[in-house]
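Visitor: Could you take a close look at one part of this structure for me, and connect it to its surroundings? I would like the cut-offs spelled out as you go.

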Amino acid sequence: MKRGRAADAVKAARKAANMTQQQLSFEIYESRESVSHQENGRYRVQPNISKYFAEKHNNPWVALEAAAEYTGWGPVKLDGEMVDLHRASVAMKTREELTEALEAIESVCVANHPRSIRDFDKQHLEEAILQAIDAIVALTQYVAVICVDYGFSWLKMWQKHRTKLKSKGFIRK
């Protein structure tokens, strides 16, 4: 198995927490060898490591990377050379992406039956989808950065959100 972004995220999170592989292994009740294999890409990053870093160190990046690796889709930490994850930059970029997504969504018609749309309309729908995905990624970066920088628990914020969805009848209890 090739070493992926999730493995790199585990190693970075462990080092940021100033822990050895042995210390992490005690915390998550796994062998040091298992931690090593996950950090080196021999094994996939397991959910307990993702959950540990989210709960104990308020680090959502391991979970995002692992989830994307498992499913093949979803937001990951933006870490390229053109990215600035300062909270002000992230907030500005999120507003920009949301505006673009709203404009793209408003520019397409989804009232017609899917079998009746032309190729031209389908291309516009695809662009609206891509703009929406850009907004989802930007919002994910925003929530993660704000939670980390201001000390809000990533996990508790998602738990509060789930409770709200249940109370409004949007998901089953």
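Guide: Happy to; what follows starts at one loop residue and moves outward from there. Please keep in mind that this is a predicted model, where local features need pLDDT of at least 70, side-chain atom pairs count only at pLDDT 80 or more, and totals for chains, interfaces and linings use all residues. Residues are numbered from 1 along each chain as its sequence is written, and side-chain values use heavy atoms, with hydrogens and water left out.

Let us begin with Asn-58, which sits in the loop between helix 4 and helix 5 (helices are DSSP runs of H or I, at least four residues, numbered from the N terminus). Is Asn-58 buried or exposed? With a relative accessibility of 16%, Asn-58 is buried (buried means under 20% relative accessible area, exposed over 50%, partly exposed in between, with a 1.4 Å probe and protein chains only). A polar atom of the Asn-58 side chain lies 2.8 Å from the backbone nitrogen of Trp-154; as a polar contact, this is a pair of N or O atoms within 3.5 Å, where within protein one must be able to donate a hydrogen and the other to accept it, and residues adjacent in sequence count only if both atoms are side-chain atoms. Setting aside residues up to four places away in sequence, Asn-58 touches Phe-53, Cys-147, Val-148, Gly-151, Phe-152, Ser-153 and Trp-154 (contact means heavy atoms within 4.5 Å).

Trp-154 leads us on to Thr-140, whose contacts beyond four places in sequence are Leu-64, Pro-75 and Trp-154. Thr-140 belongs to helix 7 and is buried at 14% relative accessibility. Its side chain reaches the backbone oxygen of Ile-136 at 2.8 Å.

Two of the names met so far also point to the nonpolar cores. Phe-53 is among the residues with the most contacts inside the largest nonpolar core, along with Leu-24, Val-45, Ile-49 and Val-62; this core has 14 residues (a nonpolar core is a set of buried Ala, Val, Leu, Ile, Met, Phe, Trp, Tyr and Cys residues joined through side-chain atoms within 4.5 Å). Helices 1, 2, 4 and 5 each give two or more residues to this core, and helix 1 gives the most, with 4. Cys-147, in turn, is part of a second, separate core of 8 residues that also includes Leu-64, Val-90 and Ala-144.
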